[in-house]
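This briefing goes through one protein model, grouped by topic. Please read the points alongside the sequence and the coordinates.

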Amino acid sequence: MNFSRFLQRKNKVLLPLSWLYGLGVLIHNKIFDWGWKTCHTPRLPVICIGNLSVGGTGKTPMVEYLLQLLSSRFAVATISRGYKRATRGVFIADAGTTATEIGDEPMQFHTKFPSIKVVVGEKRVQALEELLKNHPETEIVILDDAFQHRAICAGLNILLTDYQRLFTQDLLLPAGQLRDLKSSYKRADLIVVTKCNAALSKQEKETITASIRPLQHQSVFFTTIQYGSPYPVFGGNNVSLPTIKEVLLVTGIANPQPLAEQLRKQNLKVTLLDFPDHHNFSIKDRDSLLHSFNQIKDPNKIILTTEKDTVRLKQFADSLREFPVFAIPIQHRFLFDESKAFNAAVLKFISSMLKNPATFTP
């Protein structure tokens with residue numbers, strides 16, 4: 001039996017469980033739709049980034065895209081759940097905060113954008129209240145991975161869907177990867193199809209857009225993954241990247257294969273050391289990493305990881321400092337020259353919410 005046929009049979013077996021799960025999600029959504037549960041509506045601009053599925057659709061790079069667009073002009077804050085953190089309740093990051101306290105992705109925001117306020121909390125309304133109580137100067141809030149959490153009514157909802165697994169073609173958990181109903185896409189304002197082929201044709205773009213069936217108020221955009229230049233994590237690594245021939249790729253992300261394939265396209269030999277998403281690296285993992293690196297015979301080699309993984313590896317800085325550990329940034333690049341239209345939509349929303357809007361340029 002081939003793998004595709006196996007998956008089809010597996011999906012059929014699990015479909016009754018998906019129907020039960022879908023019923024629970026439907027009830028959850030209707031409770032808010034019918035007003036049985038209150039959706040808190042803040043008075044300041046709140047932008048929600050999310051998806052309908054589990055797994056990586058590029059939420060973290062999208063939050064960073066918005067931070068790059070907005071943080072130099074406004075007092076911006078992010079609110080995340082803080083997945084796999086060791087703390088509970090609301091936690092506002094400060095100069096001494098670690099990834100263990102707030103989680104890897106919030107720590108990445110905190111490290112790369114020191115001017116913003118980074119808040120984590122299981123209950124997002126409570127997190128927002130604590131943020132505004134401690135930092136009333138906040139002008140804009142970005143909710144990370146909160147599309148299915150409806151306790152806060154965001155003014156602008158940005159929904160991401162993976163080109164390789166569009167929500168229109170997926171099934172509810174556990175038969176598929178959807179954690180919310182397909183019809184929930186109607187709550188979005190901007191829909192972004194992520195991880196597209198960089199050479200996506202206009203005809204395929206139109207076909208995908210038609211399959212999504214955007215409502216009159218919705219706009220659909222397309223992005224591809226763009227990798228930045230690798231940089232040393234711990235400094236002092238005297239390595240000339242153009243001479244590198246082999247890479248030990250260490251990841252704890254949802255899907256490392258696109259990055260591995262990108263490296264292979266650059267004629268690099270890749271050894272993948274893959275851990276579960278948001279994995280908290282242990283001493284045993286560090287030792288396994290170093291063992292795998294020492295097994296590579298070619299002297300022209302480096303250890304490469306993502307920025308999200310970097311914040312969890314920094315606890316081993318003393319023992320990894322002498323090794324060539326590099327991080328590679330991952331960014332969204334809009335296709336069809338649509339970044340200006342996307343930026344303009346975001347800024348128009350902010351302008352409509354602020355009492356004294358400035359003159360904005362995309």
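Gln169 is exposed, because its relative accessibility of 61% is over the 50% cut-off. The residue sits in the loop that runs between strand E6 (156-162) and strand E7 (190-194). The model is predicted, and its mean pLDDT is 92.

**Gln169 and Gln108**
- From Gln169 to Leu156 the C-alpha to C-alpha distance is 25 Å, with the two positions 13 residues apart in sequence numbering.
- Gln108, in contrast to the exposed Gln169, is buried.
- The relative accessible area of Gln108 is 6%, which is under 20%, and therefore the residue counts as buried.
- Helix H4 (residues 104-112) holds Gln108.
- Beyond four places in sequence, Gln108 is in contact with Thr60, Glu64, Glu307, Lys308 and Val311.

**Cys153**
- Cys153 belongs to the loop between strand E5 (140-144) and E6.
- With a relative accessible area of 30%, Cys153 falls between the 20% and 50% cut-offs and so is partly exposed.
- Cys39 is 114 residues away from Cys153 in sequence, yet their C-alpha atoms are 5.6 Å apart.
- Cys39 is also one of the contacts of Cys153 when neighbours within four places are set aside; the others are His40, Thr41 and Pro42.

**Nonpolar cores**
- The largest nonpolar core has 37 residues, and those touching the most other members are Ile47, Leu66, Leu70, Ile158, Phe342, Val346 and Ile350.
- Helix H2 (residues 59-70) is the main contributor to this core, supplying seven residues.
- Leu66 has contacts with Ile47, Ile49, Ser71, Ile142, Ile158, Phe342 and Val346, leaving out residues up to four places away in sequence.
- A further core of 35 residues lies apart from the one that includes Leu66, and Ile152, Leu159, Leu166 and Val220 are among its members.

**Confidence**
- A pLDDT of 70 or more is reached by 94% of the residues.
- Over residues 357-362 the pLDDT stays under 50.
- For residues 357-362 the model has 12 contacts beyond four places in sequence.
- Predicted coordinates should not be read in detail where pLDDT is low.

Technical notes. Residues are numbered from 1 along each chain as its sequence is written. This is a predicted model: local features need pLDDT of at least 70, side-chain atom pairs count only at pLDDT 80 or more; totals for chains, interfaces and linings use all residues. Side-chain values use heavy atoms; hydrogens and water are left out. A nonpolar core is a set of buried Ala, Val, Leu, Ile, Met, Phe, Trp, Tyr and Cys residues joined through side-chain atoms within 4.5 Å. Buried means under 20% relative accessible area, exposed over 50%, partly exposed in between (1.4 Å probe, protein chains only). Helices (H or I, at least four residues) and strands (E, at least two) are DSSP runs, numbered from the N terminus. Contact means heavy atoms within 4.5 Å. pLDDT is the predictor's confidence in each residue, from 0 to 100.
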